[in-house]
Amino acid sequence: MTDLAVYTGLFFSAFLAATLVPGSSEVALVAALSAQKGEPWILLTVATVGNVLGSCANWLCGRFLAAFRDRAWFPVSPRHYDQAITWYDRYGRWSLLFAWAPIIGDPLTVAAGALRTPFLQFVVLVSIGKCARYITIWAFTQSAL
């Protein structure tokens, strides 16, 4: 498999995992790192960019579609949406550093859009959290090899 195919697959895995589609980009990253496919710093960058862009899609969903959250097609359950709003109200914008967290992370990014968090602040905070998570995964992968 070429490096370009690895990077492309990782990007789409990371993008989809950050949206409300179930998935795990961590597995794809660890597989690529363990198989030594591609440069580690490029793999980390691709995973981070894909994951952040997926969160941006969630922010847009919250910003422009939150009025439809009671519809069956809305991608966040009412319980997770309310939980994310409560979390966001309690901890503010800093909670976006945990947008990578399972279960609450994706709804949190939708809530940030619905609550009109400035986009640049959103991107910076989400990027820091997601990049730190991937660096941590890389460090654990390196120690295991």
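How many salt bridges does the count come to? Just one. Keep in mind this is a predicted model. The pair is Glu-26 with Arg-133, and the closest N and O atoms sit 2.8 Å apart. Glu-26 is in helix H2, residues 25-34, and Arg-133 is in helix H6, residues 119-144, so this pair ties together parts that are 107 residues apart in sequence.

OK, on to helix packing. Helix H1, residues 3-18, packs against helix H3, residues 40-65, at an angle of about 35°, and the axes are 7 Å apart. The crossing of H1 and H3 is right-handed. Who makes the contact? From H1 you've got, among them, Val-6, Tyr-7, Leu-10, Phe-11 and Phe-15. H3 brings residues including Ile-42, Leu-43, Val-46, Gly-50, Leu-53 and Asn-58. Sort the H1 and H3 contact by class and you get 15 nonpolar residues, five polar ones and no charged ones.

Last thing, the surface. There's a nonpolar patch there formed by Leu-60, Phe-64, Leu-65, Phe-68 and Trp-73, with about 500 Å² of accessible area together. And where's Trp-73? You'll find Trp-73 in the loop between H3 and helix H4, the latter being 78-91.

How values were computed:
Residues numbered from 1 in each chain as written. Predicted model: local features only at pLDDT ≥ 70, side-chain atom pairs only at ≥ 80, totals over all residues. Heavy atoms only, no water. Axes fitted to C-alpha atoms, helices over the stretch in contact; angles between N-to-C directions. Helix = DSSP H or I, 4+ residues; strand = E, 2+ residues; numbered from the N terminus. Left-handed = near helix turned anticlockwise from the far one by under 90°. Contact = heavy atoms within 4.5 Å. Nonpolar A, V, L, I, M, F, W, Y, C, P; charged D, E, K, R; others polar. Patch = residues over 30% accessible without salt bridge, like charges linked within 9 Å, V, L, I, M, F, W, Y side chains within 5 Å. Areas by Shrake-Rupley, 256 points an atom, 1.4 Å probe, with all protein chains shown as cover. Salt bridge = Lys/Arg side-chain N within 4 Å of Asp/Glu carboxyl O.
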